[in-house]
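Here are some notes for a colleague who has the coordinates open and would like to go through them point by point. They are best read with the display at hand.

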Amino acid sequence: MKTRLALSIFLALGPGVLPLFAADSTAPANTAVCSPDAPADDCTLGQIYNAVYEKSFPPDVVTDQDVESAVVNTNIATTTPDNFANRIHSSYQDFLNLFSFAINKVEESKDGQALIVRFNPLREGRQFLDLSVTVAKPAVSDLVSDAIPEAERAATVAKAQTGLGDFDDVTYAVAYSLAATTCSWAQPASSRCWGRNPAIYRQMLASVLVSANDLAPAADIAPDDPLINRLIELVHANDLFKQKISSINAQDRAEVVSILRQLAAKGIQGTRTRKAFFTKAGLDKLASLIDNQPQLAATGSYRDPGPFGGPDETGVSLELQYGLMNLNKLRRQCGAATDCVVRTLTGYATNGLPTDKFVLTASYKQLGEYTLDQLVIDSAPVPGFTPIHTKKSTELKARLQWGRLLSTQVAGRNARFDLSADGIQTRDDAVRTKNRWVASATLTLPLGDSISIPISLNYANRPEFLTGQTKQLGVHLGLTYRLPFENFLSPAP
Amino acid sequence: MKLLGIYVENAGVRVDLTTKANNDVITYVVFVRKWTSAGPLPEATWLPDTLETTGGTLVLAAERGYDFILQAAVRPGGKASIVPDFRISDADGTRYTDIIQLPQSEGPVVERGWKVVIR
């Protein structure tokens with residue numbers, strides 16, 4: 001068996017937003033049970049306070065739609081997962097343990113057909129390097145099975161399958177990324193902060209919060225406010241909110257509940273005032289500015305799919321995304337002057353944030369030369385097998401997209417304009433066989449939540465690359481309708 | 001602002017706070033305000049780098065009281081939350097460690113506070 005070399009290069013810049021931990025879906029704070037109208041005995045004063053407050057500002061809860069989607073998805077018929085990955089995992093567990101100092105994670109794919117070993121990422125300043133090896137269940141490719149006489153095909157493929165080794169289909173992967181570890185207003189304006197992980201920007205954006213807070217209207221309850229003084233008199237403890245209502249003298253409970261109502265009402269009023277202020281100050285735009293930060297992701301792979309799996313595959317791709325207005329631009333405009341940042345954000349709240357976004361994607365794929373003169377199973381060639389010889393082929397793809405929301409509104413929603421250009425170049429055995437260039441400009445007019453009308457102007461170097469057109473240039477007018485229940489039809493993420 | 005707790009403490013106790021935020025929290029700050037006989041005054045401002053590493057610490061003086069105000073900018077459409085460890089070095093070892101949900105209904109900036117009354 002030939003020595004297998006598999007190498008993947010996976011370059012990724014700008015890690016996506018990954019939660020540190022899942023947001024807790026605490027039940028709505030006993031709002032009903034601990035209602036101040038008739039709180040249960042085991043309700044704490046904090047829960048009664050929360051019940052009043054949360055009537056005005058409810059916590060985020062799982063919606064019925066989320067629940068129904070989950071139910072729909074769990075009702076999809078499933079087959080028993082293949083145990084290939086599990087078997088490999090178990091067989092080589094002791095071996096993998098020897099490398100535990102270097103292995104970050106060993107995971108089995110959902111369908112059980114691949115085992116992925118991820119090594120500890122290496123980091124040097126802004127550079128990230130990730131390595132992984134994927135061992136997939138080897139299979140006989142269609143290219144090979146089609147070369148077997150039809151009458152013998154099923155049985156021969158099954159035999160060939162049993163002769164494949166566990167490590168016949170292996171992919172080694174390398175991941176490289178470049179992402180800022182921190183970003184600050186004081187950095188030179190010429191430097192760029194890459195990546196969209198909020199943790200990178202949290203410290204610098206905190207100063208914006210401090211500056212905005214200096215301007216925010218106060219919402220104070222003094223520690224010796226008469227309400228709090230009275231509560232302390234009635235509740236003999238140092239942690240007032242942790243006390244159960246049943247621990248309060250029966251004749252004082254109504255007054256305690258009344259004080260909690262009043263404190264919550266003051267809190268609600270303060271929150272309303274400050275919410276209006278912070279919204280007007282444009283602080284809701286901070287998330288968009290992070291999402292517009294430049295992000296570069298490049299991936300590459302080399303896969304050897306085994307002796308009967310067809311040609312080796314090599315692929316590299318690169319994706320660059322950024323929004324026109326982002327934190328880097330704000331840093332260049334304002335430097336360390338956070339009052340300038342606050343003013344700019346206020347301007348966005350009034351005039352809107354520019355929505356231009358750019359995406360550049362380029363990918364290269366190469367299929368190696370593949371030769372299989374005879375199919376040998378159990379030391380005997382399969383009779384009637386058609387020899388296979390495929391040449392090396394390559395495909396180069398590039399795509400550039402730009403889009404923005406227009407200020408023009410249709411049915412209360414902003415129209416959208418997108419431009420995209422696609423290029424594909426394929427070569428077979430170093431001879432260029434196809435060049436395909438397609439460009440389109442699309443204006444999307446919304447008509448409510450579910451309906452939109454896209455109008456596209458399309459160009460292609462050959463008409464057959466465009467659907468339903470006989471000329472190189474054409475216009476498409478469409479109607480898009482999102483089904484109201486499409487969430488239920490979507491597979492779980 | 002929604003109150004998370006009201007505590008009655010003696011001067012001299014120490015308050016320590018560490019936090020950990022999820023990725024739907026864009027940024028956050030803890031303002032410490034002391035109430036003097038003349039009114040409220042800023043005492044300290046704790047930023048994320050401090051809160052998530054060494055934590056903020058303050059020994060309470062003989063003032064009227066203190067407010068510890070957590071202010072967080074949250075991602076629209078997200079489910080932001082912060083896990084705090086708010087400790088008061090009193091005889092009871094008073095702590096507040098419940099996960100703090102930062103709901104969309106209060107966004108874009110959500111405020112939570114602990115109030116300490118000095119007796």
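1. Two strands are taken to pair if DSSP finds at least two bridges between them. By that criterion β1(B) and strand β10 (residues 109–118) of chain B are paired, in the parallel sense and over seven bridges; within this pairing, B:Y7 stands opposite B:V116 of β10(B). Please keep in mind throughout that this is a predicted model.

2. The pair just described belongs to an open sheet of five strands in chain B, whose order is β1-β10-β6-β3-β4 and whose pairing is mixed. Because β1 (2–9) and β4 (39–46) of chain B each have a single partner strand, they stand at the edges, and one side of each is left without a neighbour in the sheet. On average, and with direction ignored, neighbouring strands of this sheet are turned by 20° against each other. When looking at side chains here, it may help to recall that in a regular strand they alternate between the two faces of the sheet.

3. Turning to chain B as a whole, one helix and 10 strands are assigned, and reading along the sequence gives the pattern β-β-β-β-α-β-β-β-β-β-β. The C-alpha trace spans about 40 × 30 × 20 Å along its principal axes. A compact globule of 119 residues would have a radius of gyration near 14 Å, and the value for chain B is 14 Å, so the two agree.

4. How much of chain B counts as buried? The share is 65% of its 119 residues, while the chain exposes about 4,000 Å², of which carbon and sulfur atoms supply 50%. If one takes the contacts in chain B between residues at least 6 apart in sequence, 72% of them join residues at least 24 apart.

5. The peptide bond between B:G107 and B:P108 deserves a look, since it is modelled as cis, with omega about 10°. B:P108 is placed in the loop between β9 (100–102) and β10 of chain B. For context, most peptide bonds are trans, and most residues other than glycine have a negative phi.

6. That second tendency bears on two residues of chain A. A:D378, although not a glycine, has a positive phi of about 55°, and A:S379, also not a glycine, has a positive phi of about 65°. A:D378 lies in the loop between β11 (376–377) and β12 (380–381) of chain A, and A:S379 is found in the loop between β11 and β12 as well. Are these residues buried or exposed? A:D378 is exposed, with a relative accessible area of 64%, and A:S379 counts as exposed at 74%, because the cut-off for that class is over 50%.

7. Also in chain A, strand β2 (residues 103–108) and strand β3 (residues 114–119) run antiparallel and are joined by five bridges, with A:V117 in β3(A) as the bridge partner of A:V106. Five residues lie between the strands of this hairpin, and A:G112 takes a positive phi near 75° there.

8. Finally, A:T442 lies in strand β16 (residues 431–447) of chain A and, with a relative accessible area of 16%, is buried, because that class covers values under 20%. Its side chain is joined to that of A:S456 by a polar contact of 3.1 Å. Leaving aside residues up to four places away in sequence, A:T442 touches A:R416, A:F417, A:D418, A:P454, A:I455 and A:S456.

How values were computed. Residues numbered from 1 in each chain as written. Chains lettered and ligands numbered in written order. Predicted model: local features only at pLDDT ≥ 70, side-chain atom pairs only at ≥ 80, totals over all residues. Heavy atoms only, no water. Helix = DSSP H or I, 4+ residues; strand = E, 2+ residues; numbered from the N terminus. Axes fitted to C-alpha atoms, helices over the stretch in contact; angles between N-to-C directions. Rg over C-alpha atoms; globule rule 2.2 N^0.38 Å. Buried < 20%, exposed > 50% of the residue type's maximum accessible area, 1.4 Å probe, protein only. Contact = heavy atoms within 4.5 Å. Areas by Shrake-Rupley, 256 points an atom, 1.4 Å probe, with all protein chains shown as cover. Polar contact = N/O pair within 3.5 Å; in protein donor to acceptor, adjacent residues only side chain to side chain.
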